[in-house]
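Let's take a walk through this one together, starting at a single turn in the backbone and working outwards. Keep the viewer open as you read.

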Amino acid sequence: MRIRTTALALPLLAASAFAQKAPIQITADLSDAPRKIYHAEIDIPVTAGAVSLTTPKWIPGNHRPTGPVSDITGVVFTVNGKPLPWRRDDEDLYQYHVTVPAGVTTLHAHLDCIVTARVSQKLAVLEWEKLLLYPANTPVKDIAIQPSVTVPKGWGIGTALTPTDGYDPQHPAGGTTHYAATTVEQLEDSPVITGQYFHEFTLAPEVTPKHYIDVVSDSAEDSKLRPALLAELNNLVRESGAAYNSRHYNVYHFLLTLSDVAGGEGLEHGQSSDNGVGEKGFTDEPHQLAEADLLSHEFTHSWNGKYRRPYNLYQDDFAKMQQGSLLWVYEGMTQYMGNVLAARSGLKSQAQYRDMLAMSAANLDYKPGREWRSTEDTAIAASILRANNAVWSNWRRGQDYYQEGELFWLDADTLIRQKTDNKKSLTDFQHIFLAKGGNTGPLIVTYNRDELIADLNQVLQYDWATFIHERIDNPNPHADLAGIERGGYKLVYTDKPNASERTMAMAGGRRGGAINTWYSIGLRVGSDGVISDVRWGSPADKANIAPTAKILAINGNIFSAEALKAAIRESKGNTEPIHLILQSDTFVSTADINYHDGERYPVLERIEGAPAYLDEITKPLTTPEKIPVEKKPAE
């Protein structure tokens with residue numbers, strides 16, 4: 001009851017803020033997006049005297065202080081058209097101090113933001129921290145704000161914000177669109193995508209609230225999504241209702257950018273998600289496989305992460321540090337359900353789900369850093385581990401709470417199924433944990449580990465505290481494979497990549513470019529021969545090979561992917577080491593890798609006679625919409 005009362009109180013707080021003070025007025029001008037700069041005009045209600053204003057620092061969903069303060073430029077404060085001097089705070093560099101003259105009730109601010117990502121000549125993405133300015137040291141849920149957005153002529157706009165001036169997404173005209181007042185907390189949680197090539201599609205129209213996917217792309221044909229993809233997304237909307245038994249938004253917009261220029265993204269929001277993939281990321285089934293769980297993952301965050309949020313991750317002010325110790329729930333359970341929902345919806349097949357799970361589990365099992373760093377520590381240290389640095393990453397570990405959490409929740413799901421003779425599952429837990437308060441608008445209801453354990457015990461009485469402690473708090477030299485095995489499969493290694501790995505390699509993209517020798521000699525190698533990482537303790541490590549070196553030749557042959565794989569194949573039963581010629585910096589050296597077991601690639605193998613819970617888990621909970629048959633791309 002205490003949790004439900006907290007949830008119901010939040011909108012009342014927001015309403016009182018509106019009643020007490022007129023909202024900040026902000027106009028985000030994206031007209032110069034093709035020139036990599038955004039503008040904002042902001043009118044802030046004030047009283048005379050010293051005023052401290054701030055831009056956001058700790059950005060929800062990023063789990064680290066990524067506020068773009070260094071890119072915010074051209075800051076000018078004026079009153080009645082006359083500029084006022086300002087000074088940045090000496091310690092909190094996100095704050096600006098201004099002295100407001102007597103009798104003044106509105107302070108005008110202009111600022112620009114230099115934007116080098118999520119923008120191209122044809123499209124732009126606005127995450128509001130780029131332009132927000134608001135009173136410092138004030139709970140952001142209590143600050144009223146009313147936004148407008150200006151975009152180039154003819155560009156369409158996708159956002160979960162509510163337009164107040166009749167904006168028609170089917171006939172976008174560009175210019176300025178006005179939106180209903182909200183709070184700074186909710187505005188920061190309501191990104192905008194815009195572009196010349198824009199389409200909005202209604203999804204699962206019988207479901208309430210309404211769901212849409214808004215698409216912008218760099219070429220006209222890419223924003224016209226395939227009928228098969230739209231049918232799969234219809235299934236996703238329906239499957240989410242069955243999985244979570246609640247909805248915590250007034251409307252939901254999948255925001256999707258398709259661009260090789262604007263960069264990738266996957267960022268959750270309460271009533272929308274900001275998703276960015278390459279130009280051809282969803283153009284056909286082979287390209288889609290690498291991205292199949294993106295939309296379902298970010299959608300799941302509306303329940304797990306945005307509505308139910310760890311008590312120490314949620315802060316009432318973007319200046320305060322977000323603590324990540326429970327990210328194995330926030331991201332880990334979302335990683336699990338994102339993949340499960342992708343399979344249930346048809347975004348990938350059950351066989352592809354198993355292939356991808358095998359690859360993820362093997363990667364974790366062959367990560368030596370787990371000998372010293374626990375899964376919980378990867379979560380606590382999230383803000384310092386998110387940098388994309390591959391060198392010795394397997395020894396340092398990174399954001400492993402995603403995939404480690406996926407295996408943990410699979411372990412819990414199959415345990416519940418086994419102990420209840422498949423009469424209950426993690427779905428029963430999620431109906432309790434994610435649906436507290438029933439259907440709501442976009443609220444935040446926090447939780448801690450004790451509540452998590454109590455809710456699990458409502459489904460199955462078990463020593464969940466120890467279950468969590470052993471798998472999350474303690475370093476474990478091997479990955480948690482119990483859920484896979486209890487699910488009727490086991491992780492094995494064969495001399496050929498599984499079907500999904502071959503599909504992604506042929507399609508290219510973010511998961512298909514590297515040469516997989518990780519489970520044999522222990523190298524991550526690019527198509528150019530550059531070694532991005534060396535597995536700690538592997539045959540390559542024992543040969544003193546270092547990351548960033550470039551392979552010039554293998555066994556007397558000039559480097560190529562096939563030459564490297566051939567050398568590994570021929571090593572089986574051969575007593576001769578694999579001979580490499582390497583370039584490191586400006587020096588050339590040789591290395592001999594003492595390895596003789598051939599190629600090794602992960603795959604899940606069925607355990608005969610065991611219950612196939614893994615297949616049960618990935619079956620649809622609703623009647624799926626028929627997926628249109630697509631013509632296979634020419635090879």
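**A walk through the fold**

Right after helix H7 comes Gly346, with a positive phi near 95°. Before going further, a word on ground rules: this is a predicted model, so local features need pLDDT of at least 70, side-chain atom pairs count only at pLDDT 80 or more, and totals for chains, interfaces and linings use all residues. Numbering runs from 1 along each chain as its sequence is written, and side-chain values use heavy atoms, with hydrogens and water left out.

Back to H7 itself, which covers residues 332–345. Helices here are DSSP runs of H or I with at least four residues, strands are runs of E with at least two, and both are numbered from the N terminus. The expected span of a helix is 1.5 Å times one less than its number of residues. For the 14 residues of H7 that gives 20 Å, and the end C-alpha atoms are indeed 20 Å apart, so the two agree. H7 is also mostly covered, with 14 of its 14 residues buried. Buried means under 20% relative accessible area, exposed means over 50%, and partly exposed is in between, using a 1.4 Å probe and protein chains only.

Next is helix H8, residues 350–365. Its 16 residues should span 22 Å at 1.5 Å a residue, and the end C-alpha atoms are 22 Å apart, so the rule works here too. The buried residues of H8 include Tyr353, Arg354, Met356, Leu357, Ser360, Ala361 and Leu364. When you look down a helix, remember that an α-helix has 3.6 residues a turn, so residues three or four places apart point the same way.

Now zoom out. The protein chain holds 20 helices and 31 strands. Its C-alpha trace spans about 90 × 65 × 50 Å along the principal axes. What does the radius of gyration say about 635 residues? It is taken over C-alpha atoms, and the globule rule is 2.2 Å times the number of residues to the power 0.38. A compact globule would come out near 26 Å, and the protein chain has 26 Å, which agrees. Buried residues make up 56% of the 635. Of the contacts (heavy atoms within 4.5 Å) with a separation of 6 or more, 72% join residues 24 or more positions apart. As for charge, there are 60 positive and 78 negative side chains, and the centres of the two sets lie 2 Å apart. That tally takes Lys and Arg as positive and Asp and Glu as negative, leaving out His and the chain ends; each charge is placed at NZ of Lys, CZ of Arg, CG of Asp or CD of Glu.

With that picture in mind, try some backbone oddities. The peptide bond from Thr208 to Pro209 is cis, with omega near -5°. Pro209 sits in the loop between strand E16 (197–203) and strand E17 (210–217). Trp392 has a positive phi of about 55° although it is not a glycine, and it is found in the loop between helix H10 (382–385) and helix H11 (393–396). At 26% relative accessibility, Trp392 counts as partly exposed. Asp421 also has a positive phi of about 55° without being a glycine. Look for Asp421 in the loop between helix H12 (401–419) and helix H13 (426–433), where its 55% relative accessibility makes it exposed.

On the far side of E17, in the loop leading to helix H3 (227–244), is Asp218. Is Asp218 buried or exposed? It is buried, with a relative accessible area of 18%. Leaving aside residues up to four places away in sequence, Asp218 touches Ser120, Lys122, Leu123, Tyr197, Leu258, Ser259, Asp260 and Val261. Asp218 and Glu279 are 61 residues apart in sequence, with 7.3 Å between their C-alpha atoms.

Finally, head to Arg486 in helix H16 (residues 482–486). Arg486 counts as buried at 18% relative accessibility. Its contacts, again not counting residues up to four places away, are Asp411, Thr414, Leu415, Gln418, Pro611 and Tyr613. Ala540 is 54 residues from Arg486 along the chain, and their C-alpha atoms are separated by 34 Å.
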